[in-house]
Amino acid sequence: MQPYDRALLRKHLLQTRIAGDVATPREGNLAHYRRMVAKDPGYQFGLTLKDWTFDETLDMMARLCGVNPDPRHRQGADTIGVDLTIAALDEMGARIGQAARDQQTVLLATGHPGPLMGVYRAVEDALHAAGCTILTPAAGWSYQVITANGSRVREIVYTSGVAALRTGSRLQHTHDPNPMQAMLQELRDSPEPHPWPDLVMADHGWAGTAGEAGIDTVGFADCNDPALFAGHAEGKIAVTVPLDDGVFPEYYEPMIDYLLDRAGLTN
């Protein structure tokens, strides 16, 4: 696939169910929307959001993510608007391209290190080659969480310049805002002059916390993650790309090519 070919990317996104008819169940989507509306901290992603009603949230998610707008559709499959995905990738690529041209300072982090790490690593490599500074604050910072299996320690680790959480020997899926809060606090508290990020590329609580701090933030979100779309609607998140964030890592490779092409970072 030529990375600049929008039609082929569209077909690929639909075939792999990154967008279109996705595997994320409608029941889970609606439950998460209600939890965000109820101000459940686990569904705020580090953002301080206005008071959203359920109807407003569903309307917003239909408009920005492409889910089924009918409140009577309560079970079964849901959707992500493929053209919304591509349009947001265009916007994200433009912002990454600006960072590259201006050799800006960038922070990258993911709560989906299994599926999405390759996307972040490709962007990191391209930005590093363009002369950007990639920040890696708070490496080794840890905290305890209570899970169904007891207490666990989670630690910030970096794969090259991309932050993730580790529990034991495994990288961890997380929605938590705590790690990004720790990273930004270390940058603020550093006794030496330390650059502040011009751009954050992230997802989940990593992205929401950065956007809440006023940093230009671009990120990815599934149709069951309404907070980042709400943050975008409120002007706190610059770009939120709707996609299924849990498919096979190799399925994202054509999307990576397209994103870097839109950023002007392909050979």
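Which residues are exposed on the other side of H1? Keep that one in mind, everyone, and let me set the scene first.

What we have here is a predicted model. The protein chain contains nine helices and 11 strands. Its C-alpha atoms fill a box of roughly 55 × 45 × 35 Å along the principal axes. For 267 residues, a compact globule would have a radius of gyration near 18 Å, and the chain's 18 Å agrees with that. Buried residues make up 52% of the 267. If we take contacts with a separation of 6 or more, 66% of them join residues 24 or more positions apart. As for the surface, the chain exposes about 11500 Å², with carbon and sulfur atoms supplying 48% of that area.

Now, on to helix H1, which covers residues 6-15. Its buried residues are Leu9, His12 and Leu13. Looking down the helix axis, these buried residues fall within an arc of 100°, so they line one face of H1. A quick reminder from the textbook: an α-helix has 3.6 residues a turn, so residues three or four places apart point the same way.

What covers that buried set? The cover includes helix H4, residues 82-101, and helix H9, residues 253-262.

And here is the answer I owe you: on the other side of H1, the exposed residues are Ala7, Lys11 and Gln15.

Let's finish with the two ends. At the start of H1, Asp5 brings a side-chain oxygen to within 3.1 Å of the backbone nitrogen of Ala7. Just after the helix, Arg17 adopts a positive phi of about 65°. Thanks, everyone!

Conventions: Residues numbered from 1 in each chain as written. Predicted model: local features only at pLDDT ≥ 70, side-chain atom pairs only at ≥ 80, totals over all residues. Heavy atoms only, no water. Buried < 20%, exposed > 50% of the residue type's maximum accessible area, 1.4 Å probe, protein only. Helix = DSSP H or I, 4+ residues; strand = E, 2+ residues; numbered from the N terminus. Arc of directions from axis to C-beta. Contact = heavy atoms within 4.5 Å. Polar contact = N/O pair within 3.5 Å; in protein donor to acceptor, adjacent residues only side chain to side chain. Rg over C-alpha atoms; globule rule 2.2 N^0.38 Å. Areas by Shrake-Rupley, 256 points an atom, 1.4 Å probe, with all protein chains shown as cover.
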